[in-house]
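Student: I would like to learn how to read the features of a protein model. Could you walk me through one?

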Amino acid sequence: MADSGGSGRGPPCPGPAAAVLRRWEQLRRRAAAAAPWARGLLAVVAGLGLFYVVLRMPLRLRDGLAAVTVFLSTLTPKFYFALTVTSSFISGLIFVFEWWHFRKYGTSFIEQVSVSHLRPLIGGAENNPPGPAAFSAAENETSRQNMPECKVWRNPLNLFRGAEYSRYMWVTGKEPLTYYDMNLSAQDHQNFFTCDTDALRPSDTVMQKAWRERNPQARIKAAYQALELNNDCATAYVLLAEEEATTIVDAEKYFKQALKAGEMIYRKSQNCHSQSPQHEAQLRRDTNVLVYVKRRLAMCARKLGRIREAVKMMRDLMKEFPLLSMLNIHENLLEALLELQAYADVQAVLAKYDDISLPKSAAICYTAALLKARAVSERFSPETASKRGLSTAEINAVEAIHRAVEFNPHVPKYLLEMKSLVLPPEHILKRGDSEAVAYAFFHLQHWKRIEGALNLLHCTWEGTFHEVSVYPQKELPFFIHFTAGLCSFSAMLALLTHQFPELMVIFAKAVLRVLWPVSAPSVLASS
């Protein structure tokens, strides 16, 4: 047998296949050697063929339209009635489903499917929202300008899980935090306290798993395992301070240990952060840990009554990391200064942070209103004001309250104790009810301390904003309006077709004349 493993350049095998191959090779050579006029003739023939196809297409299209017109012209009124009823029924079902989906999930199902599945298929750009931002000082100045005002933020005054939230659960047997809130916190912790180089250190690898654990006891156990591997693991002390400590005193002890370890690691990261991108990421993570620990230590001092010490720690932290305004440390400072009744210092902080380039908050707006109300509330009387009119100072106070209530209309009901307070969540929605709860939980005492402030708030709010709408109010999606209109229109056509069948047939034929003005008249005339 011949060797079949050769290069294929041997003599061809005899038979019909070989003859066909030889014939094809001869034709290919002749075509390649043909004169230019032959190739030009071939191009002309191809052009004529294409021209014939282009001329033939409208004729076929016209024939198709004529066939469709004949078919539609032979339809009876019963068909049009069934068609409109079916269309109305289907659009009604879609409308009901869209409404149910919007009421339950707050979004349009059709719009969600279009954005999530259809847009990538047709090549549209998918706008993925950025994940929770870390405490990186270098990135916050840019993100400050692009931060949307109405979004979920971490509560700057959030309580301690072990020392405060858990006590509520022990007493009432109810969970103080929602699963959604705790899931957001878990994402924050993974963004704040982990980085790509954690795999190089066994203790940080253990803590990476700890932040992803849902069971609190599993997280605490992992933190102790990390400390066994490395006694200077700052994030392990942070977790124990947040979740295992049952008192603020115990939490403060853990945070002091975290501060000692965090400062040492932070200095090491500063010395080698320029060596590689991995070292820069590690420096950002170590900065996050250090800022978080110092802030929580200041909050511990505030809760333990060492308010001046807390104020100093917050001022030092803001001075050391001036670009971290997005962390809203100034809101912690405002609350502490109000407790000291240092209203001049409060005004100085407001002058710096109540700026149009910074995102507003209920703490900023209502504290500014409180200071304006403080100047006039003690002598304010609605009866007197209605007789003589408002003074300039009173007008300023009323305008400040207007501004605050327009920003978040939920706050007055909590400050006026028309709604019961609950423990504030770990995350808040700006201008929403959760922000109102978080603000009133810490600031109600400051409004009560200033005589007449709540009375002025009540008079202004009741007279102007008593029937204020809930903000943010969800607008009905476009497809709910569209399906509702389609259902109504189809139902109206079905009703008209049922009541006036002959008239609706004439109407349908008139529509056909508009849609197909060339072929429809003759066909409809013959029918």
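Tutor: Gladly. Keep in mind that this is a predicted model. Let us begin with one residue: Ile90 counts as partly exposed because its relative accessibility is 44%, and partly exposed is the class between under 20% (buried) and over 50% (exposed). Ile90 sits in helix α3, which covers residues 77-105.

Student: How many residues separate Ile90 and Thr483 in sequence, and how far apart are they in space?

Tutor: Sequence and space are worth reading side by side. Here 393 residues separate Ile90 and Thr483 in sequence, while their C-alpha atoms are 9.5 Å apart. For the protein as a whole, take the contacts between residues at least 6 apart in sequence: 69% of them join residues at least 24 apart.

Student: How many helices and strands does the protein have?

Tutor: There are 24 helices and 2 strands. Of the 527 residues in the protein, 40% are buried. The exposed surface comes to about 30,900 Å², with carbon and sulfur atoms supplying 61% of that area.

Student: Which residues form a nonpolar patch on the surface?

Tutor: To read a patch, ask who its members are, how much area they share and which element carries them. In this case Phe489, Met492, Leu496, Phe500 and Leu503 form the patch, and together they have about 490 Å² of accessible area. Helix α22, residues 478-499, gives the most to the patch, with 3 residues.

Student: Is Met492 buried, exposed or partly exposed, and why? Or rather, which of these classes does it fall into?

Tutor: Met492 is partly exposed because its relative accessibility is 43%. Met492 is found in helix α22.

Student: Which residues of helix α6 are buried, then?

Tutor: For a helix, look at the buried residues and then at what they pack against. Helix α6 spans residues 161-172, and its buried residues include Arg161, Gly162, Ala163, Glu164, Tyr165 and Ser166. The buried residues of α6 pack against α7 (179-193), α9 (216-229), α10 (234-244), α11 (248-272) and α12 (277-303). After α6 comes Gly173, with a positive phi near 75 degrees.

Student: Which elements give two or more residues to the lining of the second largest pocket?

Tutor: Start with the volume and the lining before turning to the elements. The second largest pocket holds about 620 Å³ of space. Its lining has 27 residues, and nearest the centre of the pocket lie Arg161, Met182, Arg214, Pro216 and Arg219. The elements that give two or more residues to this lining are α6, α7, α8 (202-212), α9 and α10. Arg161 therefore appears twice in our reading: as a buried residue of α6, and among the residues nearest the centre of the pocket.

Student: How many cavities of 30 Å³ or more does the structure hold?

Tutor: A cavity is read much as a pocket is, by volume and lining. The structure holds 5 cavities of 30 Å³ or more, and the largest has about 120 Å³ of space. The largest cavity is lined by 13 residues, of which Asn155, Glu331, Ala363, Ala438 and Tyr439 are the closest to its centre. Both α16 (362-374) and α20 (433-449) supply at least two residues of the lining, and α20 gives the most, with 4 residues.

Student: Where does a salt bridge join residues about one helical turn apart?

Tutor: For a salt bridge, read the distance first, then the setting of each partner. The structure holds 20 salt bridges. In one of them, Lys312 and Asp316 have their closest N and O atoms 2.9 Å apart. Because they are 4 residues apart in helix α13 (residues 307-320), about one helical turn separates them. Lys312 is exposed because its relative accessibility is 55%, whereas Asp316, at 35%, is partly exposed.

Student: How far apart are the closest N and O atoms of Glu309 and Arg306?

Tutor: They are 2.6 Å apart in that salt bridge. Glu309 is partly exposed, with a relative accessible area of 37%, and Arg306 is partly exposed at 29%.

Student: Which residues are linked in a network of salt bridges?

Tutor: Asp198, Arg201, Asp204, Arg285 and Asp286 are linked in such a network. Within it, the side chains of Arg201 and Asp204 meet at 2.4 Å, N to O. Arg201 counts as partly exposed because its relative accessibility is 22%, while Asp204 is buried, with a relative accessible area of 9%.

How values were computed: Residues are numbered from 1 along each chain as its sequence is written. This is a predicted model: local features need pLDDT of at least 70, side-chain atom pairs count only at pLDDT 80 or more; totals for chains, interfaces and linings use all residues. Side-chain values use heavy atoms; hydrogens and water are left out. Buried means under 20% relative accessible area, exposed over 50%, partly exposed in between (1.4 Å probe, protein chains only). Contact means heavy atoms within 4.5 Å. Accessible areas come from the Shrake-Rupley method with a 1.4 Å probe; for residues, only the protein chains shown count as cover. Patches are made of residues with over 30% relative accessible area and no salt bridge: like charges are joined within 9 Å, nonpolar side chains (Val, Leu, Ile, Met, Phe, Trp, Tyr) within 5 Å. A salt bridge is a side-chain nitrogen of Lys or Arg within 4 Å of a carboxyl oxygen of Asp or Glu. On a 1 Å grid over the protein atoms alone, a cavity is a set of points where a 1.4 Å probe fits but cannot get out, and a pocket is an open set with protein on both sides within 12 Å along at least five of seven lines; lining residues have an atom within 4 Å of a point. Grid points are joined across faces, edges and corners, and a volume is the space filled by probe spheres set on the points.
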